[in-house]
Amino acid sequence: MAYLTENQITEMAEAALVSYEITASWKSANVAAAEYAADEFGVKPTSAQIATAINKAKIGWTAISYATKKAAA
């Protein structure tokens with residue numbers, strides 16, 4: 001098991017969010033987060049680390065959706 005810092009998990013979340021914006025699939029976002037960690041940090045993240053990144057990405061998506069709706073109103 002590799003330890004990932006909070007900043008590294010946040011970077012994974014950003015990769016997952018970009019993937020979700022393109023594919024509209026959280027499953028693809030999971031893969032993107034895992035691949036990002038492997039490519040950038042040279043580690044295979046645990047399922048808990050991926051889940052944390054996805055939860056952060058979902059919070060980011062909620063914020064984007066809310067801001068878009070607010071701007072359109």
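Helix H1 passes helix H3 in a right-handed crossing, a term for a near helix turned clockwise from the far one by less than a right angle. The model is predicted: local features need pLDDT of at least 70, side-chain atom pairs count only at pLDDT 80 or more, and totals for chains, interfaces and linings use all residues. Residues are numbered from 1 along each chain as its sequence is written, and side-chain values use heavy atoms, without hydrogens and water.

H1 covers residues 6-23 and H3 residues 47-72; they pack at about 55 degrees, with axes 8 Å apart. The two helices are therefore oblique to each other, as angles count when they are not under 35, over 145 or from 65 to 115 degrees.

Contact here means heavy atoms within 4.5 Å. On the H1 side the contact includes Ile-9, Ala-13, Leu-17 and Tyr-20, and on the H3 side Ile-50, Ala-53, Ala-57 and Trp-61. The residues of this contact divide into 12 nonpolar, four polar and three charged.

Tyr-20 also takes part in ring pairs, which require ring centres within 6.5 Å (planes under 30 degrees apart are stacked, over 60 edge-to-face, the rest tilted). With Trp-26, Tyr-20 forms a stacked pair, 3.9 Å centre to centre with 10 degrees between the planes. With Trp-61, Tyr-20 forms an edge-to-face pair at 5.0 Å and 75 degrees. That second pair links distant parts of the chain, H1 and H3, 41 residues apart. Ring pairs thus join Tyr-20, Trp-26 and Trp-61 into a cluster.

Tyr-20 counts as buried because its relative accessibility is 15%, whereas Trp-26, at 21%, is partly exposed, and Trp-61, at 28%, is partly exposed. Buried means under 20% relative accessible area, exposed over 50%, and partly exposed in between (1.4 Å probe, protein chains only).

Terms used:
Axes fitted to C-alpha atoms, helices over the stretch in contact; angles between N-to-C directions. Helix = DSSP H or I, 4+ residues; strand = E, 2+ residues; numbered from the N terminus. Nonpolar A, V, L, I, M, F, W, Y, C, P; charged D, E, K, R; others polar. Phe/Tyr/Trp six-rings, centres within 6.5 Å; stacked < 30°, edge-to-face > 60°.
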